[in-house]
Every structure is written in C-alpha cells, then in structure tokens.
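Grab a pencil and work through these exercises with the structure open beside you. Try each task yourself before reading its solution.

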Amino acid sequence: MLCVTPEHFSEHMEVLRRFRRPATLAELADRCSGGRCGGDVAVTFDDGYADNLHNAKPILDRFGVSATVFAVAHSGGERRELWWDELARFVLGPGTLSELLCLTTAEREHVWQLGNAAIYSREDSERDAGWNVLSDGQPNVRQSLYRSLFDLLQPLSFAERRAALDELSRQARGCVRTADETLSSEEVCALAGGG
C-alpha cells in the first residue's frame with residue numbers, strides 16, 4: 001500500500017519527465033506563489049525509508065529528477081524500524097504470539113484471546129500479504145489484532161510506545177518478516193549531498 005516496485009517507479013519518472021516539469025519542492029512553492037506552476041510536479045517521499053537512497057535515488061538520477069525526503073527523526077540515535085512496521089512484523093509476519101496476549105499501557109491491562117491464531121505460518125502470512133488496513137471485508141484474527149494494537153499505540157508518547165513494542169517483542173517468537181529499515185544519519189547526508 002505504501003510502496004511501488006523500482007520498475008514501476010522508473011516508469012513513473014519516465015512519464016513525469018515526458019509530460020510534466022519536475023521541480024524541487026522549493027521551486028514548486030516559488031513558482032506557484034508567482035502563478036507559474038501549471039505543469040510543475042515535485043516528488044516527495046515520506047518517513048525516510050532506506051530504499052529512498054538505495055532504490056529511488058539511482059532512478060531519480062537517471063531521469064534528472066530531484067526529490068524531497070521527509071525523514072522521521074529517531075530518539076537516541078538508535079536504528080529501529082518505524083513503530084507501525086515493527087507492529088506489522090510481530091502481528092502480520094510469520095511467527096507465534098502468546099495465545100493470551102497481554103499488554104499494559106498507562107496502568108491499564110489489555111488482553112487478546114488469540115487461540116489458534118497465536119500461530120501464524122509463512123503460508124498464512126503469504127496468503128494475507130495483500131491485506132491492508134483499508135481492505136474491505138471481514139479481517140481475520142491477526143488483522144483485527146493489528147488494527148486494535150495500532151489504535152492503542154498511535155496516541156502514546158514515544159517512550160510509552162517503545163515500552164509497549166518491547167513488551168510485544170517478548171511475547172512474539174519466530175517473527176521473521178523483513179525489517180523495513182529507515183535511513184541512517186549518514187544515509188540522510190548522502191541523499192542531501194546528492195541533490
């Protein structure tokens with residue numbers, strides 16, 4: 001839901017170059033404030049995933065298109081997944097959760113009975129890979145759990161959310177979903193230095 005393959009991104013940049021005028025975000029703002037932004041387009045990326053440097057930048061360079069990356073700042077210089085990706089790894093990736101999943105936040109205990117859904121095989125994960133939070137239809141137990149935990153964690157402070165994810169990590173065994181890494185400080189500098 002949040003990504004495009006490098007091949008499709010390359011096709012997008014080809015179409016953008018052919019039919020529009022690529023601009024930096026600052027150029028677009030300047031032109032629009034002067035009433036001259038009719039065919040201008042700015043490319044932006046949210047959250048600062050590492051694939052912005054490793055996959056998108058070479059394609060952007062090939063087509064001569066600049067982009068703006070909005071990177072999420074991390075606390076304490078620690079390189080971790082973004083919290084929603086970490087949650088998805090625990091809940092929607094193959095692995096085993098406790099049959100009775102418990103999480104305490106703000107002095108309140110939350111409990112989920114998972115029963116047979118405590119075990120989520122690679123086949124289960126692959127079968128459900130097309131699901132996202134906007135999907136129609138009745139979600140399965142793991143998908144409902146993800147929605148419930150997302151709603152619970154989203155309003156928490158950074159520290160409270162970290163503690164909750166650490167607790168979930170202790171209750172998750174064998175979760176092997178590939179981590180979606182974010183840019184390191186050095187990689188952000190490499191992107192900035194490259195335009």
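The chain has 8 helices and 9 strands, and keep in mind that you're looking at a predicted model.

**Exercise 1. Get an overview of the chain: what box do the C-alpha atoms fill, and what share of the residues is buried?**

Step 1. Start with the outline. Along the principal axes, the C-alpha atoms take up a box of roughly 60 × 35 × 30 Å.

Step 2. Now look at burial. Of the 195 residues in the chain, 37% are buried.

Step 3. Finish with the contacts. Take those with a separation of 6 or more: 65% of them link residues 24 or more positions apart.

**Exercise 2. Work out how helix H1 is oriented relative to helix H3, and find which residues meet.**

Step 1. Recall what you need for a pair like this. Two packed helices are described by the angle between their axes and the distance between the axes.

Step 2. Find those values. H1 covers residues 6-19 and H3 covers residues 51-63; their axes come within 10 Å and cross at roughly 25°.

Step 3. Turn the angle into a word. Angles under 35 degrees count as roughly parallel, so H1 is roughly parallel to H3. The crossing is right-handed.

Step 4. List the partners. From H1 you have Pro6, Phe9, Ser10, Met13, Glu14 and Arg17, and they meet Asn55, Ala56, Ile59, Leu60, Arg62 and Phe63 of H3.

Step 5. Sort them by type. This contact of H1 with H3 has 7 nonpolar, 2 polar and 3 charged residues.

**Exercise 3. Do the same for H3 and helix H8, then zoom in on Lys57: is Lys57 buried or exposed?**

Step 1. Begin with the geometry. H8 is residues 185-193, and its axis lies 10 Å from that of H3, at an angle of about 25°. That makes H3 and H8 roughly parallel.

Step 2. Name the residues. Asn52, Leu53, His54 and Lys57 on the H3 side meet Glu187, Ala190 and Leu191 on the H8 side. By type, the contact splits into 3 nonpolar, 2 polar and 2 charged residues.

Step 3. Check Lys57, which sits in H3. Buried means under 20% relative accessible area. Lys57 has 16% relative accessibility, so Lys57 counts as buried.

Step 4. See what surrounds Lys57. Skipping neighbours within four places in sequence, Lys57 is in contact with Asn52, Ala190, Leu191 and Gly194. The side chains of Lys57 and Asp61 are also joined by a polar contact of 2.7 Å.

**Exercise 4. Decide how covered helix H4 is, and say what covers the buried residues.**

Step 1. Count the buried residues. H4 runs over residues 83-92, and 9 of its 10 residues are buried, so H4 is mostly covered. Among the buried ones are Trp83, Leu87, Phe90 and Leu92.

Step 2. Look for the cover. It includes the strands S5 (95-97), S8 (119-120) and S9 (172-173), along with the helices H5, H6 (141-153) and H7 (158-170).

**Exercise 5. Describe the surroundings of Ser125: which residues is Ser125 in contact with?**

Step 1. Locate Ser125. This residue belongs to helix H5, residues 122-127.

Step 2. Judge the burial. The relative accessible area of Ser125 is 16%, so Ser125 is buried.

Step 3. List the contacts. Leaving out neighbours within four places in sequence, Ser125 touches Leu92, Gly93, Pro94 and Tyr120.

Step 4. Look closely at Leu92. Its backbone oxygen lies 3.1 Å from a polar atom of the Ser125 side chain. Leu92 is also one of the buried residues of H4.

Methods
Residues are numbered from 1 along each chain as its sequence is written. This is a predicted model: local features need pLDDT of at least 70, side-chain atom pairs count only at pLDDT 80 or more; totals for chains, interfaces and linings use all residues. Side-chain values use heavy atoms; hydrogens and water are left out. Helices (H or I, at least four residues) and strands (E, at least two) are DSSP runs, numbered from the N terminus. Buried means under 20% relative accessible area, exposed over 50%, partly exposed in between (1.4 Å probe, protein chains only). A polar contact is a pair of N or O atoms within 3.5 Å; within protein, one must be able to donate a hydrogen and the other to accept it, and residues adjacent in sequence count only if both atoms are side-chain atoms. Contact means heavy atoms within 4.5 Å. Axes are lines fitted to C-alpha atoms, for helices over the stretch in contact, and angles run from 0 to 180 degrees between N-to-C directions. Angles under 35 degrees count as roughly parallel, over 145 as roughly antiparallel, 65 to 115 as roughly perpendicular and the rest as oblique. A crossing is left-handed if the near helix is turned anticlockwise from the far one by less than a right angle, and right-handed if clockwise. Ala, Val, Leu, Ile, Met, Phe, Trp, Tyr, Cys and Pro count as nonpolar, Asp, Glu, Lys and Arg as charged, and the others, Gly among them, as polar.
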